[in-house]
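Hi everyone, thanks for making time this morning. Let me put a structure up on the screen, and then we can walk through a few parts of it together.

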Amino acid sequence: MAERSLRGMSIGAKSLESDENVDFAARNDIPYVCARGHRTLVPFADEADIPETWECHCGLTAKMDGLEDPETHEIIKPTRTHWDMLLERRSEEELKELLDKRLEMHREGWIPDYE
């Protein structure tokens, strides 16, 4: 009985198709560069409309390499910290004076000790 049993292939493991007589679509790899210098190659078909901008993996808008316009560079501002915002409103001397005043109030019992 074992001689007459059917043997099959595992599902999805192998394809019975080959690449013979297959014409692949012609493609162009278009480079895009963002303001942070990340370079991305995006493949497009020859007959596709190629966009001038592409979203970079960092979230910025990348422009096609070679279409540099010096006036349109995005300016990346650093993140402002709490300390930076404090220094915009007060000088370090004023902040030291306020800290000394608050510490004195705490030592005298004006400010409760939270534990």
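Let's begin with burial: of the 115 residues in the protein chain, buried ones make up 10%. Please keep in mind that this is a predicted model.

Now the layout. The protein chain has four strands and two helices. Reading from the N terminus, you meet the elements in the order β-β-β-β-α-α.

Let's move to helix α2, which covers residues 92-108. How far apart are its end C-alpha atoms, and what span should we expect? With 17 residues at 1.5 Å a residue, α2 should span 24 Å, and the end C-alpha atoms are indeed 24 Å apart, so the two agree. Just after α2 comes Gly109, which has a positive phi, near 95°.

Glu92 has its place in α2. Is Glu92 buried or exposed? Its relative accessible area is 51%, and the cut-off for exposed is over 50%, so Glu92 counts as exposed. Glu92 also has company: together with Glu93, Glu94 and Glu97, it forms a patch of negative charge on the surface.

One more glutamate before I hand over. Where is Glu47? You will find Glu47 in the loop that runs between β2 (39-45) and β3 (53-55). Glu47 is exposed too, because its relative accessibility is 67%. If you look across to Asn28, the C-alpha atoms of Glu47 and Asn28 are 9.7 Å apart in space, while the two residues are 19 apart in sequence.

That's my tour, and I'm happy to rotate the view for anyone.

Technical notes: Residues are numbered from 1 along each chain as its sequence is written. This is a predicted model: local features need pLDDT of at least 70, side-chain atom pairs count only at pLDDT 80 or more; totals for chains, interfaces and linings use all residues. Side-chain values use heavy atoms; hydrogens and water are left out. Patches are made of residues with over 30% relative accessible area and no salt bridge: like charges are joined within 9 Å, nonpolar side chains (Val, Leu, Ile, Met, Phe, Trp, Tyr) within 5 Å. Accessible areas come from the Shrake-Rupley method with a 1.4 Å probe; for residues, only the protein chains shown count as cover. A salt bridge is a side-chain nitrogen of Lys or Arg within 4 Å of a carboxyl oxygen of Asp or Glu. Lys and Arg count as positive and Asp and Glu as negative; His and the chain ends are not counted. The place of a charge is taken as NZ of Lys, CZ of Arg, CG of Asp or CD of Glu. Buried means under 20% relative accessible area, exposed over 50%, partly exposed in between (1.4 Å probe, protein chains only). The expected span of a helix is 1.5 Å times one less than its number of residues.
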